[in-house]
Amino acid sequence: MKSILYKILILGLITTAVWSCKKEENQTVTNVSPAGTLAASATALSLTQANQTKPALTLSFPAPTVTGYVVPVANTLQFDLKGKNFSAAREIVVSTTSYTPTVSEFNTMLLALGGVIGTSTQVEVRLKS
């Protein structure tokens with residue numbers, strides 16, 4: 001009878017000890033604000049061969065604000081011809097808050113997207129962070 005009483009008492013103490021343990025965990029929290037609005041320095045470009053080393057345009061955007069646990073934010077600019085819904089977009093990773101391609105770089109990208117030489121083409125640009 002004493003052994004059953006001791007077993008119940010020990011089982012009760014173990015149950016109480018396990019039940020009273022409280023698991024405390026540190027949760028890492030970070031808040032990243034939206035990147036903001038992408039702005040272009042020009043909306044109509046003259047991409048002639050004579051200007052191939054000059055800047056075509058400047059695309060800029062505000063840097064996102066990171067609070068709490070600081071994580072790096074990678075920004076990518078996506079380019080595609082208008083109406084293609086970025087189905088075959090060209091991506092360019094930028095490490096600053098602006099991107100300034102030369103006329104030659106922009107022409108090469110347009111040709112890779114399917115643009116035609118000597119034809120006016122509309123291009124859509126979006127920012128992915």
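Residues are classed as buried when their relative accessible area is under 20%, as exposed when it is over 50%, and as partly exposed in between (1.4 Å probe, protein chains only). The structure is a predicted model, in which local features need pLDDT of at least 70 and side-chain atom pairs count only at pLDDT 80 or more, whereas totals for chains, interfaces and linings use all residues. Residues are numbered from 1 along each chain as its sequence is written, and side-chain values use heavy atoms, with hydrogens and water left out.

Helices (H or I, at least four residues) and strands (E, at least two) are DSSP runs numbered from the N terminus. Helix α1 comprises residues 2–20. The number of buried residues among its 19 is zero, so α1 lies largely in the open. The end C-alpha atoms of α1 are 27 Å apart, in agreement with the 27 Å expected at 1.5 Å a residue, where the expected span is 1.5 Å times one less than the number of residues.

The largest nonpolar core (buried Ala, Val, Leu, Ile, Met, Phe, Trp, Tyr and Cys residues joined through side-chain atoms within 4.5 Å) contains 15 residues, of which F79, Y99 and F106 touch the most other members. At least two core residues come from each of β5, β6 (90–94) and α2 (103–113); α2 gives the most, with five.

N75 belongs to strand β5 (residues 75–81) and, at 7% relative accessibility, counts as buried. Its side chain forms a polar contact of 2.6 Å with that of S129. Beyond neighbours within four places in sequence, the contacts (heavy atoms within 4.5 Å) of N75 include F61, I92 and L127.

Technical notes:
Polar contact = N/O pair within 3.5 Å; in protein donor to acceptor, adjacent residues only side chain to side chain.
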